[in-house]
Every structure is written in structure tokens, then in C-alpha cells.
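Let's take a friendly walk through this structure together. Have the viewer open and follow along.

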Amino acid sequence: MKYCYEEGQKRTGHMFMGEEITRSARIETLRDTLLEAVPQISADRAMIVTEAYQRYNSETIYIKRAKTLAELLEKLPITILDGELIVGSVSDKLCCAHIFPEFGLDWLIEELDGNPVRPEKRPGDRYEIAEADENKLREIMDYWRNNNHEYRCKAVLPEETHLIREMGVTDSYWLMIGGEGHLTVNLKRVVKEGLGNYMKRAKERMENLDLSEPSEAEQKPFLESVLITCDAVIKYAGRYAALAEKQAEETENPVRRKELQHIADICRRVPAEPARDFHEALQSIWFINLCIQLENNGHSISLGRLDQNLFPYYKEDINSGVMRDEDALELLECLYLKLFQLHKITSWGNTKSFSGYQLFQNITIGGQDMNGKDATNELSYLILGAQAAIKLHTPSISLRYHDRISEKMMYAAMDVVRLGGGQPAIYSDEVYIPALVNRGIRWDDAVEYSIVGCVEAIVEGKQTGRPNGAGFINLQKIMELALYGGKDPNTDICLHPGKGSLADFASYEELYEAFKEQIRYYFKYQVITDNMIDMVTEKGIADPFVSCLVDDCIDRGKTMKEGGAVYDYCGPLYVGMANVGNTLAALKKLVYDERILTGVQVMHAIQTNYEDLTTVPSGPDIRKMLLDAPKYGNDDDYVDDIMVDYFRFICEETAKYKTTRSGRGPIGCIWQPSTSSVSSNVPCGECVGATPDGRKAGEALADTASPTHGTDTKGITASLKSVGKLPTVLVSGGQLVNVKVMPAMLDGMMTRKMVQVLRTYLGNYTG
Amino acid sequence: MFGSDYREIEETTNGIVFNIEHFHVHDGEGIRTNVFLKGCNLHCPWCCNPESISPDPQIAFYKKFCTGCGKCQNICPQHCIEITGDGKSRTDRSRCIACGACEKVCPHGARELFGHRMNVAEVMEDVEKDSFYFMNSDGGMTLSGGETCLQPEFARALIEAAHRRYIPVALETAGAVRWESLWKVAELADEILFDLKTTKTEHFAQVGNIFLKKVLNNLHNLTVNGKIITVRCPIIPNFNDTAEHLENVAKIATDFGIKKIDLLPFHQFGRHKYEAIERAYCLKEYPEMERSKVEEMADCLRKRGFQVSVGG
């Protein structure tokens, strides 16, 4: 089909691979419409779920959830916007955030009451709500009170976990009000086999169950739920087929009529049947992900290695002349706009950690094949080019770098980087693949990794474990607790008294050990919290539809949370990495090596936020001395060695723990670290007082594994080399470093030098 | 043995360095680490590194950061700092020995010592840090200044030390020195960035006490000796932004068989440093060179077959 027309093309003035980027009239109109739309909260989903939960109250959780999804797909209003080629949206509102009351509604009602702020008055990520929707939500609030996921989680968690959250050491709250996410289901397989085959497999499995065997009997409700949900999804596609047909009859535009008739054909076929061409494959993928997004409240539901998985469809269409590159680009841009259109609202407290209307829907490109050969293909460039044209924050494009990747791809990526917006993110196979293999993933699967969420590498379609991410661990808060002998100076809570405070430690080793001891304690509670939330999810949410799309849930007759996946890993996100290293280094140098300051002096200085002018040296003087101590990010081994050592300790400490699926089927089932802090370094800093890295009370922490803001003064080469020293191969949950450069750094010849810097960092330093 | 013989030489040969900067991308092939040697025998009014001119270390003072707390006054061994009526510190430079004590105690970063005596080993330790970046980009060390050839022994020792570590070296010089000094350094350099300030004898007299002819002789000698050379021309508005100058540059380059020319438009990035070291700056209000105009000049040269970069 021809989708791309020259008439009305808009020139953007941006260059990509030597050509000026244009947007077709179709894309320009759709993009403007969506950009202008104010995100709205809708009560539609909440009302349908409330009714369904009452109607199916006596069913098993699998059937209850499956039938609820089926009702949603049957009853939610659907639309096809004029010009859309990929169809399927959650509502008749342009940008709509549905409510998931089964996960918890209290936070929203509180916000609607203005505590802390109404959704339309937030400083960022605002949502409007119509009075009618608000009234409906208030009507159902009593039904969900003490009858939701959040409540059930809180009920089982030990008292300490609540205090820990109050102190600001860890935060897993959004796990309680959010569902399964952080995964890519086996889209490649669904596209290839069709959901029909999934139903067939589930049916066969069910027929072969020996119901007299308890371990087999318990699989039955899940398998039944697979049939219900797959059938509902296929019917949902059918609704779009009917709507497209209706619009085709109504439209007076003959070109659009043809498109709509074609869309109707496609929706009648996928996702039930195997996709036959590129358009069908994209539509199939979108229906699947859309329905997962409606099933539960998760985010980071990604699309995997789109350039690899869809290449055969693309190539065949191009070879047979059915489609030109321009048409493929048009389809991709339509898909991106669907991803952009999707919204989910979470509490304002959580939003601060995930700001920017982000649902973290990733598309991975590049990388290598099983033999280490560069896997970049024509579609990789189209995916990148579509991003250059759309220039929106969603989707996130992730480029897999490896030492054999073509210079052409690196330059194409730089063309998109130059546009601003931080796309694409670049990942190094040179460290990610060994990191995954080190955790027990087979080489063949590790090579196929793709990115979900912010930076997390997973084997698509085979791996689960991170519900909606996992908790943040505020490392600098733990450092502060170690300095204060285990007692939080903010709240006076003392859960784990240390053997002394900074005023008492006689040596650096004592200080370091005190920090490690606090880490051990609080990590353990992080594990307890997240694992117990997972247990509640397993019993109370179940996620039948998303589960059936992950191998080998159907064959094992188990949901993901019961251990249905091939691989399973979970893990926390560390915040304030650089602050801890800088704190340890400054104290080691000034207090223990050079003995210029005493622990008592520094203790007093941080307690008074470096503001006491009566001491000698004064507060500001002490701060200056601490700030002048070696800082991470300058290729200085004094502090970098400390960073590496403590980081290795943390990684090993994390990997000691198991997930709730351990021993129930999947490979792995351990905890693994990640340094993706998203935007939580700001709220995490708010609860930490002044610290000996020279940071004043309440200031933001360092983000990700990047150096603390403004302390890496030796330039980008030194900064990246420092980061490259970290044992990133142990950070199998995903390492992140943010680099900001002046646009002039990507001008002309400079691009080449940036690429050389990146190759050194990602390749030689395996950053 | 195995390089240890050189340790003593590297630790005892030293000079005054005023800066080592990583990730320089304009001064030679690839990614470079620039080592700036202090001291210059020219006094170009447009100089953007005025701290490079004096051969001795000197204290820079950033007045806007100063709060007049008096810490520098208390530590100064020469007692040459006082807090003046405007609540800022002031240094009597005639007595300052540039020991740097005030820089260390200043809590606000208002004082900075330009120029440190460093030995070759110390410089190389810093330069070597980026060796992977050099490898991947054909980059290396660039000796810059000041005039590098005013510390010929030190500069040569640095190049030798870099070569022992397989690091290529680019040398930046204005060539306004005795041939013997120039050759002592340039002989080993892998590429030379030759600053040609002007092509008019009477103009050159304004920037140095040396005849332009001698500079051009030096340039010629370098080409005769087979050195790879890029000519770098600062383009100053109303001074040498003329077609005539461009023509002269092209002619010199053609005569000497030089292919690469960098045009460096005049800018004001160095202005604050004049204030900091209390050096008179007569181009303070001078307009910056328009980049587009320099690009036109570059195109002119490109048409004649030169490889030209602007701002390089």
C-alpha cells in the first residue's frame, strides 16, 4: 500500500543521514492533535472494573481478572482518528489516563481533595478530570476502600518497612499501586503464530492435564483465563475492523476509504492469525501491547528488537514492491504516535521520581547476531529516522552498540542525538552480554537482549521479574545513617543502631564497615518489601493475559508470578551512587589519611549544614576542604578505587537474595543491581541532611552512575573513564550514565570525535 | 633497563606548565590532550590566553567571587594582600611570589595560580590517562603555549617521553624564535601547527621584536626538513581580515608546499582573564570576528585546493 504522499509535507529543517527530515501531512496533523491535547483522567475503566469485580467476585482470581479484561475490551469506547494507519486507543479521549482502582484508589481521591495537590494543578505531569468522571470515581471509592492491592500489600508488610519508607531509605510504594511491567512479551512469536495458536496451545495443555494430580489441577484456571483473554483481544480487534469499515463507508475521501478498508482487513486478521506483511505485524504488536496496558497498571512495556523481529516482513514487502521505504517510515511514525498517545497516572509522590509523562516504551535497534556479526539492517535506520521525524519523548529508542557496529550507524545515531531530547540511548553489548551470561542466561538468549524501562536489559518474551521496576534504594541516606550511628537525624527513627558514629570511628575501615553494616540491614528489608509485594501480586492480580505471552507460561500452566517464565530476575535501583563514593573519599583523605580534620569536627559541620561560623575551621571552611577532596568523575584513582570497591560490595550483596519464583521453574531468580535512578535523585535528596561530600541538606543527589553535578571538571574523557572503571559487568540490572554536551560538540568534524569518545567508553572501557 | 633508564631524566627535567586540558579536538588529529607551556615572546593584542605570556607563575584573581573574608590575607607569606574599601582583596603584585597559598585557602574559588613547575614524568602521567581515546582517534598530545620553543629542553623531553609511550605529538609554535631552538623541539614532533600571525612586515613589528622574514625562513626550513605542517592564521577584524592577507597566506602555503590551513576567528573568550591577572587589554571592546565572513574566506582557500578548517 502507498501511505506516504508528497503533498503537504512539512520540512523540519533537521538533517538525518544527509537528508532533510520531513513529516507528511498525515503525521503532522496527527502529531499536532496529540501534542495539543491535554491528558485527561477517565473513569470508564474504573467503572467497568468495579462492576466486573462485583459480578465475578466468586471466581478464581485468574478468571475474575480475565473476565474483567474481556469486559473492558468489549465496553471501552474505541476511536480511529482521521489519518491513522495503526489503530487502537484506550479511550475516545485523545490523551487519556485510565484509573486502576483494583490497585488502590485512595491516593487519587486524596489528590482530588487537594492533598497534596489536585492533578490539574500539579507542577508537572498535569491531568484534567471532568466533573462527571470525578463524581463517578468518588461513587466507587467505598467499594475499593481496604479492598485493593495497596491495602493488601500494606497489611502483610512488617512494621519496619513502613518506618524505612518514612525515613526515605527505600521506596517501593509505586509497586503497590502499579502492576506488571518492565518486560517485553514474545511479540516476535505472537506476530508469527497469531493469538489463535496461543489459544490452541492453552487448549491442548488443558486437555492433557491430569486433574487428579494437584500440581496439574491448579494450572486449569490459569489456562482457562488464557482462552478468555485471547478471545477477548481478538474480538477487540474485530471492533476496530467494524469501525474502520463504518468509517470507510462514511468518508468522502477515496484514498482514505481505501486505507480504512485495508485497516479493516488487517484488524480482522491480526492478532488472531499470523501477520503476512509489515503493516499487519506492526498492528498486531500494537494490539498486544495496548491490551497489556489495559490489563494492569504497569509501565515499561516495551517492543523489543523491532528491527530484527520485523525485518523479514519489511524486506519481503520492499522486494515485492508492495511498500516503499517512505511507506514503512509512515507506518512506523503512526506506531510511535500510538505509543505517545498512551498515558497512565500515578500518585504525585511517585510522579516526582518518574517525571515527564513517561511510560518507558522502548524500541531496541542494532546489536549483534548470535555469531557476533553486526545486526544493523535497513529497518534500523528507518526506526531511527522515524524518531528524528517525530521528535517526541516516546517511544524511547535504544541503540545496542558493539565494537563491530558500523560507523554509519553511529553517525546516524549522532544525527538524532543532535536534535536534543536524549535519543537514542546507547547500550554496549561489550558489557551487557557478559553481564547477562554471568547471571546464568544462555549465550544465545543473552545476545538477543533488548531494553525495557530505562536501561534494563531483558531477554524478550522469556524474562520477567521486575514488577513495574523495583524499589529505589537511597544509598546516600544509608551513608547518612552510618555516620549518625544508625539513627536518622531527620525522624529520630533508629532501626539498626551502629557501633558508633562518625565522631567515634577510629579508622577508615571502621567507617566503611559501619556503612556496609547499614547496607546489609536495609537491603534485606528492601528484599522483604518487594518480595512480599510480589507474593500479594501473585495471589491478588495474577495477570493472566500478559503471562500467556511470555514463554513458557502456557506450557507450565503458570503465570509469571508463579514461575512461568524462562528467566526471572528482580532488583533495586540505586540512587546517590557518586555521593557515597565522594563521601567516603573525602573522609578517608581529610580525617584518616591526612588527619587535617577530626570526625567530631565534620560531624558538627554536617549537623549544622556547614553554617556554623564560630568553629575553627568554620562550617564553610570545612565544606570547602571536603569539596576540594578527590571527586568521582575526574579519572582520579584515589576516589575511583573507593567507588569500585564499594560498588562491588553492593552488587554482591544484592545478588545474595532470591525472588519469590526461586525453585519454581525459572532460571536465575536472584536479585541484581541497577543504577537507573530516573528522576528520583531529586526527591531522594530531599530527605538527606548535609553530607561530607560537601553537599548541603536537601540538595539533589547524583543521578544514575554519573558523577555528582559540577564535580567532574576534567572533561568528558576523564568523566567517562571514571564511570568505565566501575564493575559494570555486575550491574546486570542496567547501568546508566547521563552525558550532556553542547550542540556544537556534534557539529561537522566534531561528530567524528564524539563517536571516537563513545567507542572508547563503550568498547574499551565497557561502560 | 626496559625504560627505567629514562626515569631520572623524566623526573629531573622540568618546566612551567599553566594548564593541561583533555579532550581538545581542534589542535591536531583526533582527540588530544593539550599541554600549555608558559611564556611567550610575542605580545599579540588579541591573545586569548594572556596568562600564557609571562614566563613566571602568576596569581589570577576573580573579583566577583571574592567576599573579602580575609583568609588569603592571613595566609600570605609576603603580606602582600589587603582587603580594600570595596570589601574585596587586593594583591600587591610587585611583592607576590606566586606561591599559591592564597589559592588553597580561598573558599570561593576567587584565586587561581597560573603556572606550575612540573617535571616530565608528572606531565606524562596526566597525558597518558587518555591513551585509549588517542588510540581510537589517532589523537595524542599537543604542546601549546605560550611559545613552546622558549622551553626547548623541556619541550623536547616531553616529546621524547610521549614517543616512549607511543603517543603522537603535535607542536604548536609561532616560529618566532631562533632556528636552533625551534628545530630542537620541532625535529621530533609528528605534526606542526604553525601560527602565522600576519603576512605584513610592518604588522608583525606590532606583535614581536623579530622580523617576519625570519619567521617565514623558519617555516620554510621546517618544510625543507620534511615536517607535516598546518598553517594557522588568526583572523582579526580590521587588521588581517583582508583579501590581500588571504592571498599572501595562499601564496606562502603554495610556495612551501603546505596543504592545510586553519583560520581562527577573533573571539572574546579570554577577556575575563585579562582582568584576573590585571593585564591591560586594548581589544576589550573590539568586535568579535564574524564567523560567516571567515567561512567565506575559507571557501576561497578551499577553491584553491587547500584543506581549510575554521575555528580549528
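How do the residues of the lining of the second largest pocket divide into nonpolar, polar and charged? Keep that in mind while we look at the chain around the pocket, and remember that this is a predicted model.

Start with the overall fold. Chain A is built with 33 helices and 18 strands. Its radius of gyration is 26 Å, close to the 27 Å that the globule rule gives for 767 residues, so chain A is as compact as a globular protein of that length. Along the principal axes, the C-alpha atoms of chain A fill a box of roughly 85 × 65 × 50 Å.

Now for how the chain packs. Of the 767 residues in chain A, 64% count as buried, meaning under 20% relative accessible area. If you take the contacts between residues at least 6 apart in sequence, 78% of them join residues at least 24 apart. On the outside, chain A has an accessible surface of about 26300 Å², and carbon and sulfur atoms account for 51% of that.

Back to the pocket. The second largest pocket holds about 1500 Å³ of space. It is lined by 49 residues, and those closest to its centre are A:Gly422, A:Ala425, A:Leu736, A:Val737 and A:Asn738. In chain A, the elements that give two or more residues to this lining are strands E10 (396–401) and E11 (425–428), together with helices H20 (407–417), H32 (716–725) and H33 (749–764).

That brings us to the opening question: the lining of the second largest pocket has 26 nonpolar, 20 polar and 3 charged residues.

Technical notes:
Residues are numbered from 1 along each chain as its sequence is written. Chains are lettered from A and ligands numbered from 1 in the order in which they are written. This is a predicted model: local features need pLDDT of at least 70, side-chain atom pairs count only at pLDDT 80 or more; totals for chains, interfaces and linings use all residues. Side-chain values use heavy atoms; hydrogens and water are left out. On a 1 Å grid over the protein atoms alone, a cavity is a set of points where a 1.4 Å probe fits but cannot get out, and a pocket is an open set with protein on both sides within 12 Å along at least five of seven lines; lining residues have an atom within 4 Å of a point. Grid points are joined across faces, edges and corners, and a volume is the space filled by probe spheres set on the points. Helices (H or I, at least four residues) and strands (E, at least two) are DSSP runs, numbered from the N terminus. Ala, Val, Leu, Ile, Met, Phe, Trp, Tyr, Cys and Pro count as nonpolar, Asp, Glu, Lys and Arg as charged, and the others, Gly among them, as polar. The radius of gyration is taken over C-alpha atoms; the globule rule is 2.2 Å times the number of residues to the power 0.38. Buried means under 20% relative accessible area, exposed over 50%, partly exposed in between (1.4 Å probe, protein chains only). Contact means heavy atoms within 4.5 Å. Accessible areas come from the Shrake-Rupley method with a 1.4 Å probe; for residues, only the protein chains shown count as cover.
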